[in-house]
Every structure is written in structure tokens, then in C-alpha cells.
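Student: I should like to look closely at the aromatic rings and their surroundings. Please give one connected account.

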Amino acid sequence: GDVFCQGGICNVLSYAVRCVKYACGFCTAMFVLVTLLGSYMVLNGKRVHEVAYPFAESRLQSYVIWLPLRYLMPCVGFWHRWRMENRQVVGDESTDDGSSSSDVSSSSRSSM
């Protein structure tokens, strides 16, 4: 059995957990086998390179086009959001009493 679960009902629970673990492993192995068989049937005798090349080419084109767009897009791009968060953090650190501006605004709302 298990080092941490010894005796009585713990042995039964340990055995049940082990059975579930093996069942999950078996289901995963069967899923992989079915997926491989399905992929082999889709190939229809073609070489893997012939089928995979268009997919890889489209992924590369997508990354080359969308990465700069997502980075530099105004108002919703990564760079814009990072600058806004950086300004907020620098603004929060510059308060005199040590409390952040969000703490001050939430306390003023609660007093209303």
C-alpha cells in the first residue's frame, strides 16, 4: 500500500485511487491509439510531409502576421496595456501615505 495511508479503510481507498489512476491511463492510451489510426486513414497513402507542410506554412504565416499586430495595436495591444499598467503602478508608488490610489477611491465610495 501507500506510505501515508496504512490500515483499515485507508487500504481500500488507496486501492480505489490506484484503480482510477490505471483506468485513466488506459483511456488515454486508447484515445491515442484511435487518434493515430484515424490519422493514418486520413493520409490515404500520402507521405506525412505532403499533408503537414500546408498546415505548418499557415501557422507560420499566422504568427508572422498576428504577432506584430497584437503587440502594436493601439488601445488594445500588449504595448499599450503594459504602458498603462506601468503608469498606474508608478503613480501608486508615488503617493505620500503609502496607500494606493485605488484604496483611497474605494474608501471614499464606501463613506458615501
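Tutor: The structure contains zero aromatic pairs, a pair being rings of Phe, Tyr and Trp (its six-membered ring) with centres within 6.5 Å. This is a predicted model in which local features need pLDDT (the predictor's confidence in each residue, from 0 to 100) of at least 70 and side-chain atom pairs count only at pLDDT 80 or more, while totals for chains, interfaces and linings use all residues. Residues are numbered from 1 along each chain as its sequence is written, and side-chain values use heavy atoms, with hydrogens and water left out.

Charges do sit over rings, that is, NZ of Lys or CZ of Arg is within 6 Å of the ring centre and within 35 degrees of the ring normal. Arg83 places its charged end over the ring of Trp79, 5.2 Å from the centre. Likewise, Arg59 lies over the face of Tyr63, at 5.7 Å from the ring centre.

Another aromatic residue, Trp66, marks a kink of about 25° in α2, shortly before Pro68; the bend is the angle between axes fitted to the seven residues ending there and the seven starting there. Helices are DSSP runs (H or I, at least four residues), numbered from the N terminus. The end C-alpha atoms of α2 are 37 Å apart, in agreement with the 36 Å expected for its 25 residues, the expected span being 1.5 Å times one less than the number of residues.

As for confidence, the mean pLDDT of the protein is 79, and 79% of its residues reach 70 or more.

Technical notes. Phe/Tyr/Trp six-rings, centres within 6.5 Å; stacked < 30°, edge-to-face > 60°. Helix = DSSP H or I, 4+ residues; strand = E, 2+ residues; numbered from the N terminus.
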